[in-house]
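Q: Could you take a close look at how the aromatic rings pair up in this one, and check the cysteines while you're there? I'd like the cut-offs spelled out as you go.

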Amino acid sequence: MRVLFLAPNSPKTGNCTTAERIRNHIVAAGHTCVLCDTREFSSASDVSSLMTQEPRFEAALAIHLFKGGRLLLDAGVPFGVVFGGTDVNEDVKDEHKRAVMEEVLRKARFAVAFTDKLKERAKVLLVRNVRVHSSGFLQLLLLTCQSKLSAKVGNLRVFLLVCGLRRVKDPLYLLEAFAEWHSQNPLVVLIIIVPKVMYLAADLSQEELHAAMQKSFALVNSSLSEGMSAAILEAMDLGLPVLARDVPGNAAIVEHEVTGLLYTSPQEFVSLSRKLLDGRGLQERLVRNGKNYITACHNPMKERITYQKLVETLY
């Protein structure tokens, strides 16, 4: 089967990582899967025109109900959708976008939510056929070479924030509070890594980024809204404590003081970070529980089987 897969696909973003992973699952089942960036199309009619070209697509899949799903409304083939996060957490507040997303859900064969909490939030969209799926992620071989950051780390306690340059990611949310803390304790450093534009660090490949994580003290998330942060899951798997902003998407995968720490303000972030620095037992507990959570809930092979079964419903 030939499948068209639409996703917001900016390089080195969580959506890009998720889309490539799902595409690999579909291809592994023997299908042809063509991944396209939603930005390549201005309307559903553009996708409709694509569907008439040879070789024909027989099914379609989209990440994000509005950015991707709306483009499939006139596709003329069975399709499924995967919630992105901002569609359920942010776009639903816009009446026009909500109406479009409701139409997408009425026409979709299936819809995938990564967590139970995301599914519950999706109920405002009158969802009838949502499958809850705990997403896995591909394990990449970590380079044994030194990362670009390693020579600079030394005895510093590096708090690493990995995100895209979007308003919803709010990368400067902690800057003022962290700068004040740094003035009191120069050994604590905040490094923000974003695609193309960097703060204190040059651009890193995914392998180098994982190596940088292993050299860091903790992974930070400051997003205003999240679907499911791949960076948080990767940090847990790599044995890195996580400090995440207390928003629904993060709270769905981070249990406070069990698998990570959740904060509601920059001041609380600093307070929890101090607690983490001073508490070896807390560090070890968060790392242990985080890895156990990944093993139990985000198994890559389980995810592959799930998506392969979902694609079969598009025949």
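A: Cysteines before rings: a disulfide here is a pair of cysteine sulfur atoms within 2.5 Å. By that rule, the count is zero disulfides. This is a predicted model, where local features need pLDDT of at least 70 and side-chain atom pairs count only at pLDDT 80 or more, while totals for chains, interfaces and linings use all residues. Residues are numbered from 1 along each chain as its sequence is written, and side-chain values use heavy atoms, with hydrogens and water left out.

Take C36: the closest cysteine sulfur belongs to C33 and is 9.1 Å away, too far for a bond. C36 is buried, at 10% relative accessible area (buried means under 20%, exposed over 50%, partly exposed in between, with a 1.4 Å probe and protein chains only). C163 is buried too, at 9%.

Now the rings. Rings of Phe, Tyr and Trp (its six-membered ring) pair if their centres lie within 6.5 Å; planes under 30 degrees apart are stacked, over 60 edge-to-face, and the rest tilted. That gives seven aromatic pairs. In one of them, F159 and F178 have ring centres 5.7 Å apart and planes at 70°, so you get an edge-to-face pair. F159 sits in strand β7 (residues 157–162) and F178 in helix α7 (residues 175–184), so to speak distant parts of the chain, 19 residues apart. Helices (H or I, at least four residues) and strands (E, at least two) are DSSP runs, numbered from the N terminus. Both F159 and F178 are buried, with F178 at 3% relative accessibility.

F178 also pairs with F269, this time tilted: 6.1 Å centre to centre and 40° between the planes. F269 belongs to helix α11 (residues 266–278), so its pairing with F178 in α7 ties together parts 91 residues apart in sequence. F269 is buried as well, with a relative accessible area of 0%. Step back and ring pairs link F159, F178, W181, F217, Y263 and F269 into a cluster.

Some rings have a charge for company. A charge sits over a ring if NZ of Lys or CZ of Arg is within 6 Å of the ring centre and within 35 degrees of the ring normal. The charged end of R2 sits over F57, 4.4 Å from the ring centre, and R245 lies over the face of Y173, at 3.5 Å from the centre of that ring.
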